[in-house]
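Here is a briefing to read with the sequence and the model side by side. Keep both in view and find each element as it comes up.

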Amino acid sequence: MSYVDEVIDLVVSKNPAEPEFHQAVKEVLESLRPVVEANEEKFRKEALLERLTNPERQFKFRVPWVDDKGQVQVNTGYRVQFNSAIGPYKGGLRLHPSVNLGIIKFLGFEQIFKNSLTGLPIGGGKGGSDFDPKGKSDREVMAFCQSFMTELCKYIGADTDVPAGDIGTGAREIGYMFGQYKRIRGVYEGVLTGKGLSYGGSLARTEATGYGLLYLTEEMLKCNGHDMKDKIVAVSGSGNVAIYATQKAHQLGAKVVTVSDSTGWVYDPEGIDVDLLKEVKEVNRARLTEYAAKRPSAQYHEGRGVWTVKCDIALPCATQNELDLEDAKQLVANGCFAVAEGANMPTTLEATQYLQENKVLFAPGKAANAGGVATSALEMSQNSERLSWTFEEVDGKLHDIMVNIFHNLDDAAKRYGVEGDYVVGANIAGFEKVVDAMLAQGVC
Ligand code: NDP
């Protein structure tokens, strides 16, 4: 049996009931076959893949808090410190009822390669809780965040592990967590990114993942003889990534005609009104029915359906496994020629294969959504320097980073004879640097 197959089997048997983690490991290791086969003896002796797929450390803890009725609630918190070969652990905190250890491990594993691709010195980690901020009062969210940080603060620090936002963790949650960290540890340091501008946040961090997605997509199109102008774009999600992806797509001359949330989706043939979407989602924290009620050109539909709309480019920006084989078939039948992942692993393995077989340009999330973590690393640099850069400065660096990422993965794909396969290219380009650092640091 090949070394890759052995390690995949080992991961599945040693981590039962973690299907998302298995999926992420399979996707990465399968695409690394050419590199691993070329170095099989050395990597085996070093147990390199076993080390790569085992987190350096993981924490699971109780998070008790009191709701507005005086009732004590108990959630579970997680932090997985996956790999620190190239820098301190870095990765977001997800607050969503679906969160479990397997999901945090899948996200942390992906984060290793994503962070490496940015070219910045950051290792891979991820955390979160099964707490659902939706429908909670500000006081309840604060009570949860303070309790969560009371435990988490023992394991993180500006030079060891720097969490950020993710699904359910926005500026409000980061603020409450930062306040509690400072109170308990007594230090004012850049321990979290995604902070507010008045206390060490970076300009353009809010926009970074969505904008970065479009910068990379634009470069991918350019290198394949296309551009964004007048293209029809389908976006899923209506959170941080989806909103700023929509805004940048419009700035680049395209028209985004859909957004969604976990209960339904909107088709707006005149183009999504970003200001209205922000008001509904960022200010009122409301459902998309409110968007549709205020926008005469918009049609609201219950359930899933974004990928049934005719589009040139699809940008899944909601959550994992939200674009399956049937969706992929529908997109291809409707003439979609490019898919770039704003979310983490939104496309199933079968759907990715189908899109690639049908010559759809496909940019995987670990490259396409790396703008968020890259700008988080820029926030860390500003905190260390005790300086704040201008929006234009940060946005310019973000643009250069995303263009560079695209060329790195494009080059890696060409080097291994799979030109145009950006999934393989991203995994190889991310892997090479991490492996080099791991081997240099000996058995650890
Ligand atoms: P938000 O919480 O801001 O928004 C998430 C959006 O996805 C919401 O519209 C939400 O709808 C929808 N959604 C969440 N879960 C589901 C589900 N199970 N089914 C259908 N819709 C769902 O998160 P972000 O925009 O920050 O993150 C979106 C994705 O991007 C995630 O995969 C995240 O890991 C990834 N990502 C985010 C980065 C960032 O900087 N924010 C960086 C890199 C990746 P509803 O409001 O109804 O729950």
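S1 and S2 make a hairpin, with 5 residues between them. In its turn, Gly 70 has a positive phi of about 90 degrees. Keep in mind that this is a predicted model.

**The hairpin strands**
- S1 and S2 run antiparallel and are joined by 10 bridges.
- One bridge to look for is that of Val 63, whose partner in S2 is Asn 75.
- Strands of a sheet pair through backbone hydrogen bonds, in either the parallel or the antiparallel sense.

**The five-strand sheet**
- The hairpin strands belong to an open sheet of 5 strands, ordered S1-S2-S4-S3-S5.
- Pairing in this sheet is mixed.
- Which strands stand at its edges? They are S1 (57-66) and S5 (161-164), and each pairs on one side only.
- From one strand to the next, the twist averages 20 degrees.
- S2 (residues 72-83) also pairs with S4 (residues 123-129), through 6 bridges.
- These two strands run antiparallel.
- To find this pairing, look for Asn 83, which stands opposite Gly 124 in S4.
- Helix H6 (residues 101-117) packs on the sheet.
- H6 touches S1, S2, S3 (89-95) and S4.
- The direction of H6 makes about 150 degrees with that of S4.

**The seven-strand sheet**
- Another open sheet has 7 strands, in the order S9-S8-S7-S6-S10-S11-S12.
- Its pairing is mixed.
- Why is one side of S9 and of S12 left without a neighbour in the sheet? S9 (299-302) and S12 (361-363) stand at the edges, and each has a single partner strand, so one side of each has no neighbour there.
- Neighbouring strands of this sheet are turned by 15 degrees against each other on average, direction ignored.
- At one edge, S11 (residues 338-340) pairs with S12 in the parallel sense, over 3 bridges.
- Val 339 has Phe 362 in S12 as its bridge partner.
- Helix H10 lies across S6 (232-236) and S7 (255-260).
- H10 runs at about 170 degrees to S7.

**The ligand and its surroundings**
- How many residues are around the ligand? There are 25, and those that come nearest are Asp 166, Thr 209, Ser 262, Arg 287 and Asn 344.
- This shell divides into 5 nonpolar, 13 polar and 7 charged residues.
- Arg 287 has a polar side-chain atom 2.6 Å from an oxygen atom of the ligand.
- For Thr 209, an N or O atom in the side chain is 2.7 Å from a ligand oxygen atom.
- Arg 205 places a polar side-chain atom 3.1 Å from an oxygen atom of the ligand.
- Is the ligand mostly buried or exposed? Taken alone, the ligand exposes 890 Å², and the protein buries 82% of that.
- Which elements give two or more residues to the shell? They are helix H9 (205-222) and helix H10 (240-251).
- H10 thus appears in two places: in the shell around the ligand and across S6 and S7.

Notes. Residues numbered from 1 in each chain as written. Predicted model: local features only at pLDDT ≥ 70, side-chain atom pairs only at ≥ 80, totals over all residues. Heavy atoms only, no water. Near = heavy atom within 4 Å. Polar contact = N/O pair within 3.5 Å; in protein donor to acceptor, adjacent residues only side chain to side chain. Areas by Shrake-Rupley, 256 points an atom, 1.4 Å probe, with all protein chains shown as cover. Helix = DSSP H or I, 4+ residues; strand = E, 2+ residues; numbered from the N terminus. Nonpolar A, V, L, I, M, F, W, Y, C, P; charged D, E, K, R; others polar. Pairing = 2+ DSSP bridges. Axes fitted to C-alpha atoms, helices over the stretch in contact; angles between N-to-C directions. Contact = heavy atoms within 4.5 Å.
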